[in-house]
Amino acid sequence: MNVPTFSLIGGDYRYKLMKELFETDGYKVYSYCNRFIEQQAACLDEILEKTDIAIGPIPCSRNGRSIALNDCSEIDIGVFFSKLKEHNVTRFFCGVVNN
């Protein structure tokens, strides 16, 4: 059985807790752009190439144009979704999504 690999993108302290819970259950979890998680990828592409399921921030976007990465530079929504497609990440979860 293949065990999915998760990537946490952005987020707040709750994402640190989520990472710990996933890892306790035996999942491999990568993170990007979260000041509460110590070991992080240097760039988004680094984790997406290893990712089955990506979990984005809440809210996903504050301005409707970019992903809400609290502690890093913004990334355009279109560019972000192109990166997901490029790395064959077929499942992306986030919260507070507008049109």
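Visitor: In which sense do strand β1 and strand β3 pair?
Guide: In this predicted model, strand β1 covers residues 5-9 and strand β3 covers residues 53-55. One contact along this pairing joins S7 to its bridge partner A54 in β3. Over 3 bridges, the sense in which β1 and β3 pair is parallel.

Visitor: Which strands stand at the edges of the open sheet of 4 strands?
Guide: The sheet is open, with parallel pairing and the strand order β2-β1-β3-β6. A strand at the edge has a single partner strand, so one side of it is left without a neighbour in the sheet. The strands in that position are β2 (28-32) and β6 (91-93).

Visitor: What angle does the direction of helix α1 make with that of β1?
Guide: The twist of the sheet averages 20° from one strand to the next. Helix α1, residues 13-24, packs on this sheet and touches β1, β2 and β3. Its direction makes with that of β1 an angle of about 170°.

Visitor: Why are the buried residues of α3 on the same side of the helix, and what arc do they cover?
Guide: In helix α3, residues 77-86, the buried residues are F80, K83 and L84. An α-helix has 3.6 residues a turn, so residues three or four places apart point the same way. The buried residues lie on the same side of α3 because they cover an arc of only 100°.

Visitor: Which residue caps the N-terminal end of α3?
Guide: At this end of the helix, a side-chain oxygen lies 2.9 Å from the backbone nitrogen of G78. The residue that contributes this oxygen, and so caps α3, is D76.

Technical notes. Residues numbered from 1 in each chain as written. Predicted model: local features only at pLDDT ≥ 70, side-chain atom pairs only at ≥ 80, totals over all residues. Heavy atoms only, no water. Pairing = 2+ DSSP bridges. Helix = DSSP H or I, 4+ residues; strand = E, 2+ residues; numbered from the N terminus. Axes fitted to C-alpha atoms, helices over the stretch in contact; angles between N-to-C directions. Contact = heavy atoms within 4.5 Å. Buried < 20%, exposed > 50% of the residue type's maximum accessible area, 1.4 Å probe, protein only. Arc of directions from axis to C-beta. Polar contact = N/O pair within 3.5 Å; in protein donor to acceptor, adjacent residues only side chain to side chain.
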